[in-house]
Amino acid sequence: MQAATIGLLSSSTSSLNSVKNLNLCFPFPQLNNTLLSQFPSNSTFSLVNLNNYINKKNSFTAIPTPVSATMSSSSFKPEESRVPPALPLPTPPLTKFKIALCQLSVTADKERNIAHARKAIEEAAEKGAQLVLLPEIWNSPYSNDSFPVYAEDIDVGGDASPSASMLSELAGTLQITIVGGSIPERSGDRLYNTCCVFGTDGKLKAKHRKIHLFDIDIPGNITFKESKTLTAGETATIVDTDVGRIGIGICYDIRFQELAAIYAARGAHLLCYPGAFNMTTGPLHWELLQRARAADCQLYVATCSPARDSGAGYVAWGHSTLVGPYGEVLATTEHDEAIVIAEIDYSLIDLRRTYLPFQKQRRGDLYQLVDVQRLNSAKTH
């Protein structure tokens with residue numbers, strides 16, 4: 001009989017008594033008192049591997065830890081849990097505004113896709129949206145065969161990037177902020193899955209290249225390897241806009257809580273993830289991950305998916321969603337084409353962080369999140 005058996009012991013009498021009374025926490029209840037009797041009442045020790053005890057019988061020894069069992073909260077060092085230290089939440093240009101999530105149908109006709117996206121953005125602006133979010137890969141079928149064919153040179157612009165040119169034009173004309181989903185980008189001999197953010201002046205404010213490529217294999221369900229054609233981005237992207245500070249991720253990026261935590265530590269109000277989860281991972285994790293990122297970071301999370309096309313080679317889950325800083329779903333839709341209009345109220349971020357102040361209760365004495373990009377930048381200045 002073997003069992004996973006890590007126990008955490010404390011030298012305080014009350015803690016020892018608690019452990020003695022919780023026989024069910026050990027797979028071998030008869031060992032509890034024998035085990036505990038080996039430690040002096042004034043000892044301090046940390047993780048105890050009970051399998052070592054079982055295997056070595058009476059040769060078991062505890063590993064001392066330098067951390068005092070009576071450590072005061074003043075030594076927790078929450079300010080050191082983020083390296084560099086977290087930035088304060090900036091005052092946004094406005095507190096309340098409407099966001100539009102444009103869940104678009106995507107076809108093999110690129111010109112049609114661009115014209116269709118234009119119409120949806122114009123409709124969203126007419127409904128009062130000051131921020132519009134588009135889906136992942138909205139101008140092209142989602143496939144490794146299509147990426148090279150539909151790719152655009154965003155840096156050259158103009159006719160070399162009709163999708164980005166349309167977004168730039170509309171952002172300036174309608175005076176809205178557009179987080180332009182993502183499109184295949186060609187840069188030299190490389191291809192990227194890229195999201196462009198355009199400001200109310202129509203200028204490109206940021207360009208995020210998908211950092212974590214979607215390479216998965218779930219036998220009998222879904223196999224996809226973006227790395228066959230795409231190159232991973234190298235930079236976390238956070239941008240100040242007329243609707244607040246926004247952290248950008250694309251689809252698979254949402255699975256990596258470290259990226260979201262870095263954005264939160266840089267003072268983001270909102271995280272935007274254009275994404276195209278599929279019919280396997282969508283029902284399992286799409287809403288779960290959005291709510292987790294929002295609850296972990298106590299900020300807003302917005303996602304936008306393509307509409308579902310059951311006849312496509314890659315079938316998207318849909319369900320574009322806005323989640324609030326409590327991890328609550330504020331607005332969502334099903335899998336058909338739709339424009340979701342919802343209100344964001346940044347004042348709720350401070351309110352939620354006041355109610356649940358865990359951002360200030362992190363254990364910098366035990367763990368740290370290192371923002372490598374920001375740390376290296378600080379060293380060069």
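Q: Which helix gives the most to the lining of the largest pocket?
A: In this predicted model, helix H7 (257-265), helix H8 (281-297) and helix H9 (347-355) each supply at least two residues of that lining. Among the contributors, the one giving the most, with five residues, is H7.

Q: How much space lies in the largest pocket, if you are thinking about volumes?
A: The lining is made up of 24 residues. Those lying nearest the centre of the pocket are Arg82, Ala86, Gln359, Lys360 and Arg362. The space in this largest pocket comes to about 660 Å³.

Q: By class, how many residues in the lining of the largest pocket are charged?
A: Let's go through the lining class by class. Nonpolar residues number 11 and polar residues number four. The charged residues number nine.

Q: How many cavities of 30 Å³ or more are there, and how much space lies in the second largest?
A: Here we turn to the cavities. The count of those with 30 Å³ or more is four. For the second largest cavity, the space is about 40 Å³.

Q: By class, how many residues lining the second largest cavity are nonpolar?
A: The residues around this cavity are Phe214, Cys251, Tyr252, Arg255, Ala276, Phe277, Thr281 and Tyr314. One of the lining residues is polar and one is charged. The nonpolar count is six.

Q: Which residues touch the most other members of the largest nonpolar core?
A: This core holds 47 residues. One of the most connected members is Leu270, which, leaving aside residues up to four places away in sequence, touches Leu131, Arg245, Ile246, Gly247, Tyr300, Val301, Ala302, Ile344 and Tyr346. The full set touching the most other members is Ile99, Val179, Ile246 and Leu270.

Q: How many residues make up the other core, which lies apart from the largest nonpolar core?
A: Among the members of this other core are Leu104, Leu167, Leu170 and Phe198. It lies apart from the largest one, and its size is 23 residues.

Q: Why is Cys102 in no disulfide, and how many disulfides does the whole structure have?
A: A disulfide needs two cysteine sulfur atoms within 2.5 Å. The cysteine sulfur nearest to that of Cys102 belongs to Cys304 and is 6.3 Å away, so the pair does not meet the cut-off. Likewise, Cys196 is in no disulfide, with the sulfur of Cys195 nearest at 6.7 Å. Over the whole structure the number of disulfides is zero.

Q: Is Cys196 buried or exposed?
A: Buried means under 20% relative accessible area. Cys196 has 3% relative accessibility, so this cysteine counts as buried.

Q: Which two residues does the cis peptide bond with omega of about -10° join?
A: Most peptide bonds are trans. The place to look is the loop between strand E3 (82-83) and strand E4 (96-103), where Pro84 is found. With omega at about -10°, the bond is cis and joins Val83 and Pro84.

Q: What is the phi of Ile137, and is this residue buried or exposed?
A: Most residues other than glycine have a negative phi. Ile137, in the loop between strand E5 (129-133) and helix H5 (146-150), has a positive phi of about 45°. Its relative accessibility is 3%, so Ile137 counts as buried.

Q: Where is His319, and what is its relative accessible area?
A: His319 has a positive phi, near 60°, without being a glycine. Its place is in the loop between strand E15 (300-304) and strand E16 (321-323). His319 is buried, with a relative accessible area of 15%.

How values were computed. Residues numbered from 1 in each chain as written. Predicted model: local features only at pLDDT ≥ 70, side-chain atom pairs only at ≥ 80, totals over all residues. Heavy atoms only, no water. 1 Å grid on protein atoms, 1.4 Å probe; cavity = no way out; pocket = protein on both sides within 12 Å on 5 of 7 lines; lining within 4 Å. Points joined across faces, edges and corners; volume = space filled by probe spheres on them. Helix = DSSP H or I, 4+ residues; strand = E, 2+ residues; numbered from the N terminus. Nonpolar A, V, L, I, M, F, W, Y, C, P; charged D, E, K, R; others polar. Core = buried A, V, L, I, M, F, W, Y, C linked by side-chain atoms within 4.5 Å. Buried < 20%, exposed > 50% of the residue type's maximum accessible area, 1.4 Å probe, protein only. Contact = heavy atoms within 4.5 Å.
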